[in-house]
Amino acid sequence: MTRSVYVTGIDRGDGRQVVELGVMELLTRHVDRVGVFRPLVHDGPDRLFDLLRARYRLAQPAETVYGISYAEAAALQAERGTDELVSRLVDRFHAVARDYEYVLVLGSDYADTSLPDELALNARLANEFGAAVIPVVGGQGQEAESVRAEARNAYRAYDSLGCDVVALVVNRVAPEQRTAVVERLAARLPVPCYALPEDGSLSAPTVGQIVQALGAEVLLGDDSGLARDARDFVFGGAMLPTFLQALTPGCMVITPGDRADLVIGSLAAHSAGAPPIAGVVLTLDERPGPDIMALAARLAPGTPVVSVPGGSFPTAAELFAIEGKLNAASPRKAETALGLFERHVDTAELTDKISVARSGRVTPMMFEHELIERSRAGRRRVVLPEGAEERVLRAADVLLRRDVCDLTLLGEEEAIRKRAADLAIDLADAQIIDPQSSPLRERFAELYATLRAHKGVGYELAYDMVADVSYFGTLMVQEGLADGMVSGAVHSTAATIRPAFEIIKTKPGAQIVSSVFFMCLADRVLVYGDCAVNPDPNAEQLADIAIQSATTAAQFGVEPRIAMLSYSTGTSGSGADVDKVRKATEIVRERRPDLLVEGPIQYDAAVDAAVARTKLPDSEVAGRATVLIFPDLNTGNNTYKAVQRSAGAVAVGPVLQGLRKPVNDLSRGALVQDIVNTVAITAIQAQGAQPGAGHTA
């Protein structure tokens with residue numbers, strides 16, 4: 001039977017989209033097929049559904065998402081009564097529910113509607129849908145006692161109408177009032193109550209939203225600049241020295257277009273990071289000359305400069321009426337919203353309350369969600385040596401907004417902060433260290449010289465070596481100043497791994513360092529090893545790779561059933577290559593009799609139950625293998641890439657195994673999400689390797 005959850009409110013302005021997004025995140029962690037239903041809809045684009053569709057790769061046709069428009073609902077209710085309205089909406093809901101395991105229902109928004117007793121209508125629809133109900137109450141600008149009273153009234157209203165209220169959320173609470181609100185609600189209501197603090201960045205419009213609302217013309221700027229949040233407005237009129245003192249981080253500068261001094265001054269301040277601004281709005285349809293505009297483009301590449309025809313006063317009136325909204329064009333706001341939701345909501349408790357049963361399938365998205373959730377649950381510090389690289393900074397932005405782990409970025413601090421400012425990335429919660437000037441350099445040089453003395457490395461050479469970001473980051477991990485390291489977006493695999501071989505070394509019981517990829521297929525996750533490190537392992541090494549890979553698989557929730565791959569299955573073939581795999585299989589069985597392992601076995605017999613029934617009908621692994629061990633790097637690397645490209649699989653890795661502390665390599669073509677996933681994996685590996693929290697330098 002399809003289950004559903006109904007997120008609703010009692011009035012407008014509660015910022016409910018944050019809760020709706022958060023609940024959708026919970027559902028997609030556990031359920032493969034999630035549908036969305038909005039009973040009542042306004043004319044025009046549905047920004048939240050567009051965001052959900054883009055973020056969660058929903059294939060649901062847009063026309064099935066909606067019941068009827070508010071205007072139709074009001075007319076139908078007036079002409080034929082509430083029962084007829086409800087009946088029609090119930091039919092639309094069940095048409096959606098037939099195709100999905102779980103449905104998220106988005107209640108009415110109380111905005112510009114002519115429906116009488118909208119709360120009662122939401123309650124009745126929730127009852128008719130058989131949905132669990134989560135009321136959301138807005139707490140903006142209210143004291144704790146007032147918020148408590150309003151929340152209690154909301155609970156009583158829905159409960160008295162027969163709703164299955166499973167939790168209640170108070171949103172947009174003043175941060176200093178949040179603790180008091182939580183305590184008072186917990187004492188008065190019989191269901192879990194969560195309070196989300198007001199976050200100014202969620203209500204701040206992006207520069208792109210400002211451009212759209214004002215009908216402005218973009219003279220300079222790129223997509224990254226248009227995605228910046230405008231956290232404040234500073235109106236130019238004073239002389240330049242006074243004006244510069246008024247600038248605030250993330251502000252939008254509003255100035256007449258003939259004030260070239262203010263335009264250049266604000267962009268120069270942005271370039272210096274003192275402070276970074278969101279952009280510049282030129283009023284009165286005035287524009288600086290081409291020389292000034294060329295200088296502006298060089299001073300702050302990507303920073304938006306836009307023009308509007310009106311004066312400062314009417315422009316100000318329009319600006320102050322614009323409020324930021326979650327939509328598909330503002331993915332950073334979505335990350336911020338999810339981070340806020342996950343920090344202040346007991347997601348495990350809420351998942352239980354809305355009765356989400358985990359799907360038997362594990363999709364790529366579900367696997368990625370699990371990585372983020374587990375990483376956050378046992379916080380660690382990960383060092384990123386490539387601190388000024390754009391993809392690394394964008395990944396850091398996601399990780400910080402989602403509160404996934406603590407981060408240290410390595411590189412020249414001024415260059416990192418300037419690049420981050422250009423990308424509108426806030427690094428306030430990240431640690432930045434320049435290996436060239438860090439006080440740690442001398443300490444690390446002494447340590448490295450000691451570790452490599454047998455190779456003739458003295459202090460002076462070590463002093464030069466440890467200024468390299470890969471060596472510096474590895475030494476941070478070795479010394480417990482970080483729990484793991486991720487590099488390779490612009491460095492070679494050798495540059496990432498060599499310092500780990502020299503400094504961290506292999507863990508006890510591991511013969512070699514190897515790697516796996518988590519191959520996220522449409523309906524399952526497989527583990528491939530070794531596809532990145534060892535060119536031609538012998539039988540002993542191949543067995544070690546298999547055992548390490550099984551351990552890694554189990555650590556990440558994949559039940560290990562090992563297939564030792566070859567070009568023949570069972571006893572059907574012979575030759576040196578097959579014999580190596582056969583011997584490796586025997587070694588695995590001797591060293592780890594608790595593991596399920598089969599080999600030699602062909603790929604099709606390992607993963608296809610029909611083929612397995614023909615070739616190895618009595619095997620516990622054939623047709624059900626989850627850990628696939630390739631006989632050499634040539635086979636493994638080509639196979640993972642073929643499956644990735646041909647089957648549309650998400651390949652997460654390479655994940656290094658066998659080191660005493662986690663260091664992981666990135667492909668130089670890694671996408672931002674690849675980096676996010678690898679950092680989360682590294683943090684989880686550190687949880688298993690090191691009890692306790694990460695450290696700071």
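Let's start with T315, which is buried, with a relative accessible area of 3%. This is a predicted model, by the way, so please hear everything that follows in that light. T315 sits in helix α15, residues 312-319. And what is T315 in contact with, leaving aside its neighbours within four places in sequence? The partners are L214, I254, V281, T283, V308 and G310.

For contrast, have a look at D43. Is D43 buried or exposed? D43 counts as exposed, because its relative accessibility is 73% and the cut-off for exposed is over 50%. You'll find D43 in the loop between β2 (34-41) and α2 (47-55). If you want a distance to check in your viewer, take D43 and F367: they are 324 residues apart along the chain, and their C-alpha atoms are separated by 36 Å.

Okay, on to a pair of helices. Two packed helices are described by the angle between their axes and the distance between the axes. Here the pair is α5, residues 82-97, and α6, residues 118-129. Their axes come within 10 Å and cross at roughly 45°. That angle makes α5 oblique to α6. As for handedness, the crossing of α5 past α6 is right-handed.

Which residues make that contact? On the α5 side we have T82, D83, L85, V86, L89, V90, F93 and H94. On the α6 side, the contact is made by L121, R124, L125, E128 and F129. Sorted by character, the residues of this contact are eight nonpolar, two polar and three charged.

Now, the sheet. Please rotate to the open sheet of five strands, which has the order β16-β15-β14-β17-β24 and parallel pairing. In general, strands of a sheet pair through backbone hydrogen bonds, either parallel or antiparallel. Which strands sit at the edges here? They are β16 (431-433) and β24 (663-665), each pairing on one side only. On average, neighbouring strands in this sheet are turned by 20° against each other, direction ignored.

Let's walk across it, beginning at the β16 edge. Strand β15, residues 406-410, pairs with β16 in the parallel sense over three bridges. In that pairing, T408 stands opposite Q431 in β16. Further along, β14, residues 381-384, pairs with β17, again in the parallel sense, over two bridges. There, V383 has M485 of β17 as its bridge partner. Then we reach the other edge: β17 and β24 run parallel and are joined by three bridges, with V486 standing opposite N664 in β24.

I'd like to stay on β17 for a moment. In a regular strand the side chains alternate between the two faces of the sheet. So which residues point which way from β17 here? G484 and V486 point one way, M485 and S487 point the other way, and all of them are buried. There is also a helix lying across this part of the sheet: α24, residues 493-504, lies across β17 (484-487) and β24. Relative to β24, α24 runs at about 160°.

That helix brings me to some backbone angles, which I suspect this group will enjoy. Most residues other than glycine have a negative phi, and most peptide bonds are trans. Let's take phi before omega.

K505 is in the loop between α24 and β18 (514-520). K505 is not a glycine, yet its phi is positive, about 70°. At 36% relative accessibility, K505 counts as partly exposed. Then there is R172, in strand β7, residues 168-173. R172 also has a positive phi, near 60°, in a residue other than glycine. Is R172 buried or exposed? R172 counts as buried, because its relative accessibility is 12% and the cut-off for buried is under 20%.

Finally, omega. Where do we find cis peptide bonds? One runs from G599 to P600, with omega near -5°, and P600 lies in strand β21, residues 596-601. Another runs from G653 to P654, with omega near 5°, and P654 is in strand β23, residues 650-657.

That's my tour, thanks for listening, and I'm happy to take questions.

Technical notes
Residues numbered from 1 in each chain as written. Predicted model: local features only at pLDDT ≥ 70, side-chain atom pairs only at ≥ 80, totals over all residues. Heavy atoms only, no water. Axes fitted to C-alpha atoms, helices over the stretch in contact; angles between N-to-C directions. Helix = DSSP H or I, 4+ residues; strand = E, 2+ residues; numbered from the N terminus. Parallel < 35°, antiparallel > 145°, perpendicular 65-115°, else oblique. Left-handed = near helix turned anticlockwise from the far one by under 90°. Contact = heavy atoms within 4.5 Å. Nonpolar A, V, L, I, M, F, W, Y, C, P; charged D, E, K, R; others polar. Pairing = 2+ DSSP bridges. Buried < 20%, exposed > 50% of the residue type's maximum accessible area, 1.4 Å probe, protein only.
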